[in-house]
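Hi,

Here is the model I said I would pass on. Please have a look at it first, and then read my notes underneath.

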Protein chains: 2
Amino acid sequence: MNGADALCDVLLANDVTVCFANPGTSEMHFVAALDRKPEMRCVLGLFEGVVTGAADGYARMTDRPAATLLHTGPGLANGLANMHNARRAFSPMINIVGDHASYHLPLDAPLTSDIEGLAAPMSNWVRRIAGPADVQPATEAAFRASLTPPGVTTLILPADAAWGDAAPASPGKVVLSPPPAVDRDAVRATAEAIRAAPGRVGMIVRGRAARADALEIAGQISTACDVRLFSEVLIARMQRGRGRVAPTRIPYPIDAATALLADIDVLVLVGGKEPVAFFAYPGKPGRLVRDDCQVRTLAAHGDDLHAALEALRDELGVKPSQQVDFATAFPDEAAPSGGLTEDAIALSVARKLPDNAIVCDEAVTSARRFFALSAFAAPHDYMMGTGGSIGGGIPMATGAAIACPDRKVINLEADGSGMYTVQGLWTQARENLDLVTIVFSNRTYAILHGEMKNVGVNAIGENARRMLDLDHPALDWVSLAKGMGVEAARADTCERFDALLDSALSRRWPFLIEAVI
Amino acid sequence: MNGADALCDVLLANDVTVCFANPGTSEMHFVAALDRKPEMRCVLGLFEGVVTGAADGYARMTDRPAATLLHTGPGLANGLANMHNARRAFSPMINIVGDHASYHLPLDAPLTSDIEGLAAPMSNWVRRIAGPADVQPATEAAFRASLTPPGVTTLILPADAAWGDAAPASPGKVVLSPPPAVDRDAVRATAEAIRAAPGRVGMIVRGRAARADALEIAGQISTACDVRLFSEVLIARMQRGRGRVAPTRIPYPIDAATALLADIDVLVLVGGKEPVAFFAYPGKPGRLVRDDCQVRTLAAHGDDLHAALEALRDELGVKPSQQVDFATAFPDEAAPSGGLTEDAIALSVARKLPDNAIVCDEAVTSARRFFALSAFAAPHDYMMGTGGSIGGGIPMATGAAIACPDRKVINLEADGSGMYTVQGLWTQARENLDLVTIVFSNRTYAILHGEMKNVGVNAIGENARRMLDLDHPALDWVSLAKGMGVEAARADTCERFDALLDSALSRRWPFLIEAVI
C-alpha cells in the first residue's frame, strides 16, 4: 500500500467518513486512494472556500472532523477565510493539503509556496508529513489534535509521501484524552461571586454550553440566583426555540453592547473569552464590560462545560428540579402583507420553521429580527459565521445538510456575503441536499453604509457608493441558482414569499428564494 | 488631513489611479478618503480573488501597479491565490490591507489574524504602517518596491493610522532607481557560448523580453546565429501574431518538454529562471534540460532586458538590419462545421481575432491549438495564469480591459477554472468592459483526468469521478452570466459559435459564449 492509502485508512478507522475536496495534480495518488475506499464520501466543491466552509458546518453539527482535500498553497489560500471562521468556532477539521514531492521543492516550480506559512495563521496545528512511514503517525496526530481540544488542523501531504510505499498496517482508533476534571476551585469561586452580587452577575455561554441540556442548567442557575445569561454576538451553534433557555445576545453596535453590560459587576465565562468590540472606533472602548467588572472563567474551551455547569448548580444549592423562567410566547402579530421586508421574512421563517431544523444565518444586517423571534419558534439549531469573514453561509449550510440528512437546513443569506462562495449552490444540487437558501437581496453592503455613518460620513459620493452598493447591475439570484442546478424563484411581496417558503419546505431537495427587499 | 487621505495622495502623485476594492469596516476611513478623490477609479469586486486578479491583469498591460483594497486577514487570504499568480508574473501591485486599530489587536477580536504571516508567502515586500506619520513614507516605499524590480507588495493599514492626523504634505513623485547597467561580462560570455555550439543553443525569453521589439532582436540573433527561441509553459505576457517572432513554447507534459530540449547544450535565460517540470512524477526528472546542459543568465528579472538583447546582438556582430525568419502562414483549412470542438474554437478565434486584441488564456487543456495558431493571427497580446493557480482568467481579463479601454479583450476560459472567480463577470458588467469570455464547457477537470492516467490509473471509480467531473448538474454558463448582468449565449455547433463570436466582436460591451464541447 502507498502513503495515500494509509492516510485514508487512518481517517476511516477513526470514523472520518466525509472528505470535502477540490483536488489537483499533486493529489492524484490521494484521489486514487480515495477511489479505492467507497466508504469515504467525497464531496466536490468548485472552490476551496466551499470545501473548508462545508467542513466547518459538518463539524458544528457532528462535533467530529471531516477531512478536506486542498491543492497546494493556492488551494489552501482559497480555503483560509472559512478556516478562520472555523477556528473561531472551535470546529474540529482535518485539512489535507497536497504539495510537490519533497525533492521537487528546491526547483521552485510555479505552484511552489510556503504552505506552512500560509496554514499557520488559520490553523491550531500544522504538520508536514515527513515521508510514507510518517503518514500513519502524522494522520493520527492530526485527528487527535482536531479534537483535543477541538480545532482546525492542517496536514501537508507531499506527493512522494502519498505515492511511496507505506508498511501495511491496520490502524486502530486513536485514544483521545478526556477533558480535564472540573476545576472545583473555579466552581467555588464563581459561586461565591454570584452570591455576592445578586442581579449584577452575567454569564456567557459558548460551545457545548449552548446546547439545550447545558442551557437548561444555565437557565436554572439564572432563575434561582438572578444571573443574567448572555451569548456572544457571533454564535457558533446554539440550540434554540420553544422550551429552550434563550440567552440574550450581546448586540453588535458597541454602544448597545456596553449599555447592556453596564450594570454587570461579575461576568462568568463558560467556554469562551471575554467579549470585546468587533471593531475599534475613535474614542470608543474596546472592552464591553466596565473596567472594574470582575471577569472569571468557570470553564474554558476544551473543558467539559456541561459538567462545569452542573457542578456550579450544585455548589449554588440549586436543585436539578429547579424550574426555569422561559421567554414569553410568539408575538401575536398579523401576517404582514404587501411589499416584502426583512422583518416580514423573519416573522414568516420563524413561524414556519420545521421542527428540528438547522438555521445558518449569514444575513448580516438583514435577519436581526429573526434571532429574537426564533426563541419562540420550533426547536432548532442556530449557527452563524464566527470569525467575521463573510462567505461562510452557503458552504456551512451545505456541510450541515450533509451531516444531518434527516433535518431541514435553512440558510439566511445576505446577497453580498452569498456571492463570496456562491459556487456552493452547485454542491447543494450535486448532493441533492434538503436545504433552502433565502437570499436577502438588498443589493448593497448594508452594514458598511452603517459603518460609514459610524465614522462620521453622512452623505457619500460616487466612489464610496460604487464600493458599497451591489446595484448596476442588480444580481439576479434566480439565474445564478439555475446556472448551478438549484431551483429558485423570486419574491417581492409577503404573500409570494410565504407561498415560496411553503413550497420549499414541502420538498426535500435544494431551493433558493431571492427575497427582494 | 488623516492618514487615509495621505495614502491616497501618495498613490495619485505617482499615477496609481485605479483601486480594485472590496472594503470592510476597518477600511471605512480609507473608503471615505477615496470618496474625496474622484480622480481615483474605484472598481468593486464581489470577491477578493477578483480584486487581486484584476490588479494583475492591469499591471501586465500597463507595467504599472494598481492599488487593491482588502479587508483584514480573511480578505487578504481570499486574494492570495491571484497574488501568487501575479508574483510569478512579476506584476507590480500595491495591496492595501486594512487592519484593526493597533491598540485593538491585543483584544483578539473575531477578525484578528496574523496579516503579516498571511501576506509574506505571496508578497515580495510587506510592511505594516506604524502610525499616521508613517503613512507617506510607507506608501512611497510600497510604490518603489512594487516597481524596482516589479513585484507584489502588501501594505497593512491599521485603522488608527488611517483615521489619525497626518501632517499635510504634497507628496511628489517617487524617484525610482534605474535598472542596473547591462552586464558586459555576461553578454560576452553568452556570445562565446552561442558561437561555440551552433544549433545547440536555446534562449528563453520572459517579461519585457517577450514584447514585440525585444522579440525582434531575439529573432535576429536566432536567425543569424542558429539559436532556438523558447518561452516558458506559462506566459505572463507575450506580443504575438503576424510579423512578430514566435518562440516555441516549452510543452507542459514532461516527456515532450525534455524531448524538445534534449539536444540543447547551452540554455540562455533572458528575464527568467531555468524551466523545470510543473510537477514531479515518480521516476521522471524535475529539470527539463540535460544535467550537462550549460545554463547561463544573460539578464535577470529587474534588468533592462531589451538593452541586454541589443548588447548581445552587437557582441555577436549581428546587424540591426538583420532579417528575421518568420513562421509560415495561417494554415489553409476549411472552416470546420457541425459539432463544436476545442480545435474549431481555436481556429475560429485565431481567424477572427481583431487587431491589437488582448487574449487571456485560462482554458487549460482546451485551447492548446489556439497558441500555435495565434502566431499567424492579427497582432495581439497574449497572457496566461503564471503560478498554476486557477481562477486567474476572468479577473485578469477584467483588469486588462480596464487598463486598455480601446482594445478588445478575449478571455479563453475553462469551466472549472472560471468557477473559481466567476464573480468577476459582475465587475465586467458594472464597468461595461469591451470583453468577450469564451467558456470551454467540457464539464470536467480535463487536466486531472490526464494526470490520473499519469499516475497509472486508467479506469476510475465513483469517488474519483465525482471529484474530477463537473456534471450532474451541468453548469449553465448562460444563466450564470445573466445572473451577473452579462449577456450570454450557448453554442454547440461551429456555425453557431462563429455567429456568436462575430456578434460579440462587433459590440463594445461584455458578452459570454458558452462553448459546449
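Below are my notes on the overall fold, the aromatic pairs and one lone acid.

Some ground rules: this is a predicted model, so local features need pLDDT of at least 70 and side-chain atom pairs count only at pLDDT 80 or more, while totals for chains, interfaces and linings use all residues. Residues are numbered from 1 along each chain as its sequence is written, chains are lettered from A and ligands numbered from 1 in the order in which they are written, and side-chain values use heavy atoms, with hydrogens and water left out.

Chain A first. It has 20 helices and 18 strands (DSSP runs numbered from the N terminus: H or I of at least four residues for helices, E of at least two for strands). Its radius of gyration is 24 Å, which agrees with the value near 24 Å for a compact globule of 517 residues (taken over C-alpha atoms; the globule rule is 2.2 Å times the number of residues to the power 0.38). Of those 517 residues, 65% are buried (under 20% relative accessible area, with exposed over 50% and partly exposed in between; 1.4 Å probe, protein chains only).

Now the rings. There are 13 aromatic pairs over all chains (Phe, Tyr or the six-membered ring of Trp, centres within 6.5 Å; planes under 30 degrees apart are stacked, over 60 edge-to-face, the rest tilted). One of them is A:F20 with A:Y58, edge-to-face at 6.1 Å centre to centre and 70° between the planes. A:F20 is in strand β1 (residues 18-21) and A:Y58 in helix α3 (residues 48-62) of chain A, so the pair ties together parts 38 residues apart in sequence. Both residues are buried. In chain B, B:F20 and B:Y58 also have centres 6.1 Å apart and planes at 70°, so that pair is edge-to-face. Ring pairs also link A:F47, A:Y420, B:F47 and B:Y420 into a cluster.

B:F371 has charges over its face: B:R240 at 3.7 Å from the ring centre and B:R249 at 4.1 Å (NZ of Lys or CZ of Arg within 6 Å of the centre and within 35 degrees of the ring normal).

Which side chain of opposite charge is nearest to A:D35? That is A:R36, 7.3 Å away, and A:D35 is buried with no salt bridge (a side-chain nitrogen of Lys or Arg within 4 Å of a carboxyl oxygen of Asp or Glu; Lys and Arg count as positive, Asp and Glu as negative, His and the chain ends not at all). A:D35 touches residues of chain B, including B:I460 and B:E462 (heavy atoms within 4.5 Å).

Cheers

Technical notes
Lists of a residue's contacts leave out its neighbours within four places in sequence.
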